[in-house]
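Trainee: I am new to this structure and would like to take a close look at a single part of it. Could you walk me slowly through one helix and the surroundings it sits in?

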Amino acid sequence: MKKAIAAVAFGLTAGLFATGASAQATLNGVKQKGYLVCGSNTGLAGFGLPDAQGNWTGLDVDLCRAISAAIFDDPSKVRFIPLAAKDRFTALQSGEVDVLSRNSTHTMSRDTQLGLDFPAINYFDGQGFMVRKKLGVSSAKELNGASICTQQGTTTELNLADYFRANNMKYEVVAFATSDETFKAYDSGRCDAFTTDASGLYAERLRASNPDDHVVLPEIISKEPLGPAVRHGDDQWGDLVRWTHMAMLNAEELGVTKANVDQMRSSDNPEIKRLLGTEGKFGESIGLTNDWAYRIIKHVGNYGEAFERNVGEGSRLKINRGQNALWTKGGLQYGIPVR
């Protein structure tokens, strides 16, 4: 009996040790390499797009830069790997990338069947439609019998089928492997309408031969909570990614910006002190220094700053904050307390 109990105890201890070791695998690997490998979009304005010199910008890109800043005190220690929709989850599962930050929708099947976790939602979105103005269509419910360009291997394709079935309408799907192929097909006139996340519609319209000839229809036909993904089982790494986003949200709510973060380090506000690491040891719990959030804000800024420069009213996309406003301003973005 004693041997059996001892064996069970040893097994539990070994299991806990193994779990503890694997829980730090990604962070340790990133530190050893000296850089973060971020799975990004192949090119989506406002979210993940390289310029002619290979410099990446976008809301999803800024999240990866913020993670790099938290770890290395340097937002540039990131290598971006452009991934098509059909390849993105395999690349994460195989370890080709450390984090996937590529406008990916958090769904139950992806969460439970692919061995992935979605630590945060950095953009609340929904699927919509774009058509040419000359088509004379003002509602998606007028698209009965239309040909629709969409991308293969995405929730977009599934939502499209659900929407037309629910509204007892017929359509012809024209599907392509990549977002670039899909939009080019629409722009060249191979289909009547183009469907993707609403944020993507605004981004892709900028690439049209004549952007003003196209209109985004008012209907939003799905919930698309977009956010970074990590491998399941590496809890510490998932926590680090989650709290990077939360730090940026909390900073915005507390009025801490890239410009005033140094001044704010002398604040007497307990929430700001905990956020910036002048009180408490919250960084240690995610394997980082206690000034981890200060580093993020100093190098990248708060969530509102990242949103505005990449996709907001001051950017080329001119997207209203809407659902992505802070909860204090009628939106869904809610920073969990650093406490």
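Mentor: Before we begin, one term is needed: two residues are in contact when heavy atoms of theirs lie within 4.5 Å. Please also keep in mind that this is a predicted model.

The part I would choose is helix α12, which runs over residues 292-299. Six of its eight residues are buried, so the helix is largely enclosed by the rest of the structure; buried here means under 20% relative accessible area. The six are W292, A293, Y294, R295, I296 and I297. Among the elements that cover them are α3 (59-72), α9, α10 (261-264) and α11 (270-276). Just after α12 comes G301, which takes a positive phi of about 100°.

From the helix we can step into the nonpolar interior. The largest nonpolar core has 54 residues, and the members that touch the most other members are I71, V99, W237, L276 and W292, the last of which we have already met among the buried residues of α12. Helix α9 (residues 235-254) gives this core its largest share, nine residues. A second core, separate from this one, holds 14 residues, including L160, F164, A193 and L217.

I71 helps to tie this picture together, for, once neighbours within four places in sequence are left aside, I71 is in contact with L27, V30, K31, W237, L240, L288 and R295. One of these partners, R295, is also one of the buried residues of α12.

For contrast, consider a polar residue in a strand, N103, which is found in β5 (residues 99-105). N103 counts as buried because its relative accessibility is 16%. Not counting residues up to four places away in sequence, N103 touches N41, L44, D60, R88 and L226. N103 and G227 lie 6.2 Å apart in space, C-alpha to C-alpha, although 124 residues separate them in sequence.

Finally, we can set the helix within the whole protein chain, whose secondary structure comes to 13 helices and 13 strands. Buried residues make up 51% of its 339 residues, and among contacts with a separation of 6 or more, 71% join residues 24 or more positions apart. A compact globule of 339 residues would have a radius of gyration near 20 Å, and the 22 Å of the protein chain agrees with that. Along its principal axes, the C-alpha trace spans about 75 × 60 × 40 Å.

Methods: Residues numbered from 1 in each chain as written. Predicted model: local features only at pLDDT ≥ 70, side-chain atom pairs only at ≥ 80, totals over all residues. Heavy atoms only, no water. Core = buried A, V, L, I, M, F, W, Y, C linked by side-chain atoms within 4.5 Å. Buried < 20%, exposed > 50% of the residue type's maximum accessible area, 1.4 Å probe, protein only. Helix = DSSP H or I, 4+ residues; strand = E, 2+ residues; numbered from the N terminus. Rg over C-alpha atoms; globule rule 2.2 N^0.38 Å.
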